[in-house]
Amino acid sequence: MLSSKPNNDKVLKIFSTIRCLSRDQLPRYLEGRLTDVEKHLVEQHLTDCDLCFDALQALEKEENTDRYQDLTNKLQRYVHTSIQPVSHTQKIAQYTRKEKNKEHMLVYFWIVAFIGLGIGSVYVMRGHIRNQPPPMHIMAGLPAKDSSVTTAVSNPPVVTPVDHTTTPAPEATHTAPVTPPAKPVLAAAQKPVDSAALKKAAALKAAQHKAAADSIRKVQQANLLKQKQDSIRKAAADKADKDNKAKDDDNKAPAKPDNKPAQVAKEQKAPEPAKKESVAASPINSDEYLYKAAMVYQQQGNLSEAIDRYRRLEAVSSGKYVELARYQLAICYRSKGQMGKARRMFREVIRMDGSMKDAAKQALDSM
Amino acid sequence: MQQQLTNLSDKELISRARKQHDREAEGVLMDRYSHLLVAVTLPHISQQSNLDPNVVFPSLLQRLSASLKTQTIYKVNEWILHIQKGYLGKPEKNTPFYPSRDGRDLLHIENTVDKAATNIIDRQDLIVRLEQALQRLNADDRALITQFYLENKPFSDLSATTGISREKLRTQLKAAKGKLAKLFMNGYVK
């Protein structure tokens, strides 16, 4: 094979590409001022390149290369001057175009952002408005409930003082006749104005219960038994109240011959319940205040605060207020949209089987 | 920028001028061939008094720049010569430039040689094929090619030994090269 020849690599040279003659190579070749290697490369290129060969022949015909150099300089300068400003203005145009594009993109971005914000705010506002009406309803509905509540509230002060007074009352009745003449003067001296008013009240009471007074001795005892069985119930309390008054009347009946001791006894009795009433009312009143404060919060629409109050009330107090607080809690939850909690609360109210049972049932049904 | 662009090949400069509308790349390309353009056009200018170099060269450059954007250019030197001849021969008509079939054969082989420069296996294969093609060339052409390419003899030596002028020698060499390219492309048997 031929591949063992030493010059086998040179075969590739036949088809290797060589750059055109450079500006100074051309005259140097003409003058023979090239190295052998360079000269060979130039000749190799000349066989392929018509342009370079034509240029060489043209230069050979010219007497001197001055004109060639001069014109080449001019042409190159012309190229430089014509290209430079154009490319510069082009670059500026490109830059400004880019900046404009950026600005456009920014404008689009802000437009989109504002549209998004607007939609979001409308959505939020609608949500807010949707949440608003329930408190309004509550406010509208509250007075009725409030009045019911206040009636319910007004009951306990009547109930509890009676509970307290039931026990001391008989004692007072017992003691009153035992110490007849000594105290009246003192008592009269201590509370002259009071005694007059109380006398009137006692006289009224006496007038009211005169009819019932005589007949109820036996019923009295039965009532006392009931009272012991369940002293908390309202009915029992009322009966006890009646009971007391009946006793008073009993006391008055025997004391009728001498009015003064009976009057004294009443004087002593009357202030006592008043004092105890105030003492007993204070815890209830605190519950009531808490409840009312919570109601105010609820009416103002501050549901979370109201819920907080109702919770506290529910935890602290007992009896009616727990039920009421639960009922209001349920309403708060409902207006807040927490239907599960509201239902649970309503159910609890129903389970408590109190005065709000029907309302809770209705509310639960309507949910 | 100018410095970086001058290091790029003609092909890259052309693609830059086309795709990125880079006037600088175009300028560098024109600058690279400006002296040859001047040398080729000089005889015409000196012969014809009506030709003003201040008019001829700018309009030539404009024509080149216009055709640069539309024409397929394999070899810049051929393209420039074609445009220049067209401009000087028929200034009113813009004759498009089409590379010849033989030229494309040559170009293909040149490209394969270029690629094989870094691959030893390809290189060996190419050498074998080229030598085979060279063996099938007629004796005169083979002798001329071996003397010129393999023995590095200059034109002057060759013309002295054979008694042929340099121009004739060059055309002979060119023709022999074309035949070799055809043999390589079509008559290759392993």
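Before anything else, a cut-off for my notes: a residue counts as exposed when its relative accessible area is over 50%, as buried under 20%, and as partly exposed in between. I should also jot down that I'm working from a predicted model.

**Entry: Asp353 and Lys357**

I looked up A:Asp353 and got a relative accessible area of 52%. That is over 50%, so A:Asp353 goes down as exposed. I then checked the side chain for a partner and found a salt bridge with A:Lys357, at 3.0 Å from N to O. A:Lys357 has 23% relative accessibility, so I put this residue down as partly exposed.

**Entry: salt bridges elsewhere**

How many salt bridges does a search of the whole structure find over all chains? I got 22.

One that I looked at joins A:Arg309 to A:Glu305, where the closest N and O atoms are 3.2 Å apart. Both residues sit in helix 13 of chain A, which covers residues 303-316. They are 4 residues apart, about one turn of the helix. Is A:Arg309 buried or exposed? Its relative accessible area is 17%, which is under 20%, so A:Arg309 is buried. A:Glu305 comes out at 25% relative accessibility and counts as partly exposed.

Over in chain B, I found B:Arg16 in a salt bridge with B:Asp22, with 3.7 Å between the closest N and O atoms. B:Asp22 is buried, its relative accessible area being 12%. B:Arg16, at 26% relative accessibility, counts as partly exposed. Back in chain A, I noted a network: A:Asp24, A:Arg28 and A:Glu38 are joined by salt bridges that share partners.

**Entry: the zinc-finger record**

I pulled up UniProt next. An unreviewed entry there gives "domain: Putative zinc-finger" for residues 23-52 of chain A. In the model I see that this span is 77% helix and 0% strand. The C-alpha atoms at its two ends lie 11 Å apart.

**Entry: the transmembrane record**

UniProt, again in an unreviewed entry, lists residues 105-125 of chain A as "transmembrane region". I checked what the chain does there and got 100% helix and 0% strand. The end C-alpha atoms of this stretch are 30 Å apart.

I also looked for nonpolar surface and found a patch of about 620 Å². Its residues are A:Met105, A:Val107, A:Tyr108, A:Ile111, A:Ile115 and A:Ile119. I picked out A:Tyr108, which belongs to helix 4 of chain A, residues 66-131. Its relative accessible area is 49%, so A:Tyr108 is partly exposed by the cut-offs above.

**Entry: the positive patch**

Which residues form the positive surface patch? My list reads A:Arg311, A:Lys336, A:Lys341, A:Arg344, A:Arg347 and A:Arg351. I then asked where the largest share of the positive patch comes from. Helix 15 of chain A, residues 339-352, supplies that share with 4 residues. A:Arg344 is a residue I located in helix 15.

**Entry: chain B overall**

Last, I counted secondary structure in chain B and got 10 helices and 0 strands. Along the sequence the pattern reads α-α-α-α-α-α-α-α-α-α. Of the chain's 190 residues, 46% count as buried, B:Asp22 being one that I have down as buried.

Definitions and conventions
Residues numbered from 1 in each chain as written. Chains lettered and ligands numbered in written order. Predicted model: local features only at pLDDT ≥ 70, side-chain atom pairs only at ≥ 80, totals over all residues. Heavy atoms only, no water. UniProt positions renumbered as here; feature names shortened; annotations may be inferred. Patch = residues over 30% accessible without salt bridge, like charges linked within 9 Å, V, L, I, M, F, W, Y side chains within 5 Å. Areas by Shrake-Rupley, 256 points an atom, 1.4 Å probe, with all protein chains shown as cover. Salt bridge = Lys/Arg side-chain N within 4 Å of Asp/Glu carboxyl O. Lys, Arg positive; Asp, Glu negative; His and termini not counted. Charge placed at Lys NZ, Arg CZ, Asp CG, Glu CD. Buried < 20%, exposed > 50% of the residue type's maximum accessible area, 1.4 Å probe, protein only.
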